[in-house]
Amino acid sequence: RQGRDGGLNGRPEKKSDVCYSWWVLSSLAMLGRLHWIDRQALLKFIMSCQDLEDGGFSDKPGNQADVFHTFFALTGLSLLKYDPDVLDSIDPVYALPTEVLRKYNVSSRYGDASSSGPLVAGASAQKEEKELAPAS
């Protein structure tokens, strides 16, 4: 859910946390529903968690920045296409830059996270599902 502060949380009565910028956004990206959130409000929340003096991002505005929340803030910003000239496109399934997946010939099961429609399993995933299906 998106709180009044623009951030996302994972359950009722929980305050917004930068890490949910990844957890919720990646889930919405896989479902093709990034438009369900207020992009500008979330960008403002994420950026309010940045430590301008030391760098990095914290879980909430004013807290100590750490590597964990910095990673999830940057991946969330990538899914939001905050600055595509600076941030690489991130895959919502693997949490890796799409360029890395291409380099190692790993195909995403969900295709392009920027689409507005549902992301469906590609041909390779459908083949894998058939191979894993129980014999009749």
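This passage describes the helices, buried positions, salt bridges and surface of a predicted protein model.

The structure is a predicted model, in which local features need pLDDT of at least 70 and side-chain atom pairs count only at pLDDT 80 or more, while totals for chains, interfaces and linings use all residues. Residues are numbered from 1 along each chain as its sequence is written, and side-chain values use heavy atoms, with hydrogens and water left out.

The protein chain contains five helices and zero strands, and its elements run α-α-α-α-α from the N terminus on. Helices (H or I, at least four residues) and strands (E, at least two) are DSSP runs, numbered from the N terminus. Of the 136 residues in the protein chain, 36% are buried. Here buried means under 20% relative accessible area, exposed means over 50%, and partly exposed lies in between (1.4 Å probe, protein chains only). Contacts are defined by heavy atoms within 4.5 Å. Among contacts between residues at least 6 apart in sequence, 48% join residues at least 24 apart. The chain exposes about 8,600 Å², of which carbon and sulfur atoms supply 54%. Accessible areas come from the Shrake-Rupley method with a 1.4 Å probe, and for residues only the protein chains shown count as cover.

Helix α2 spans residues 39-48, and its buried residues are L42, L43, F45 and I46. These residues lie on the same side of α2, because they cover an arc of only 160 degrees around the axis. The arc is that of the directions from the helix axis to the C-beta atoms. An α-helix has 3.6 residues a turn, so residues three or four places apart point the same way. Q40 and K44 are exposed on the other side of α2. The cover over the buried residues of α2 includes α1 (20-31) and α3 (67-79). At the N-terminal end of α2, D38 acts as a cap, with a side-chain oxygen 3.3 Å from the backbone nitrogen of Q40.

The segment before α1 holds N9, which is buried with a relative accessible area of 5%. A polar atom of the N9 side chain lies 2.8 Å from the backbone oxygen of K14. A polar contact is a pair of N or O atoms within 3.5 Å; within protein, one must be able to donate a hydrogen and the other to accept it, and residues adjacent in sequence count only if both atoms are side-chain atoms. Neighbours within four places in sequence left aside, N9 is in contact with R1, K14, K15, S16, Y20 and V24.

Two residues other than glycine were found with positive phi values, E13 and K81. Most residues other than glycine have a negative phi. E13 has a phi near 70 degrees and is found in the segment before α1, where E13 is exposed with a relative accessible area of 82%. K81 has a phi of about 55 degrees and is found in the loop between α3 and α4 (98-103). The relative accessible area of K81 is 39%, which makes this residue partly exposed.

The structure holds three salt bridges, each defined as a side-chain nitrogen of Lys or Arg within 4 Å of a carboxyl oxygen of Asp or Glu. One joins the side chains of D17 and K60 (3.7 Å, N to O). D17 lies in the segment before α1 and K60 in the loop between α2 and α3, so this pair ties together parts that are 43 residues apart in sequence. D17 is buried, with a relative accessible area of 7%, whereas K60 is partly exposed at 21%. K60 also meets the side chain of D59 in a salt bridge (3.4 Å, N to O), and D59 counts as buried at 17% relative accessibility. D17, D59 and K60 are thus linked in a network of salt bridges.

A further salt bridge pairs E99 with R102, the closest N and O atoms being 3.1 Å apart. E99 and R102 are three residues apart in helix α4 and are separated by about one helical turn. E99 is partly exposed, with a relative accessible area of 49%, and R102 is exposed, with 55%.

On the surface, V93, Y94, L96, V100, Y104 and V106 make a nonpolar patch of about 480 Å². Patches are made of residues with over 30% relative accessible area and no salt bridge; like charges are joined within 9 Å, and nonpolar side chains (Val, Leu, Ile, Met, Phe, Trp, Tyr) within 5 Å. Y104 lies in the loop between α4 and α5 (123-132) and is exposed, with a relative accessible area of 56%.
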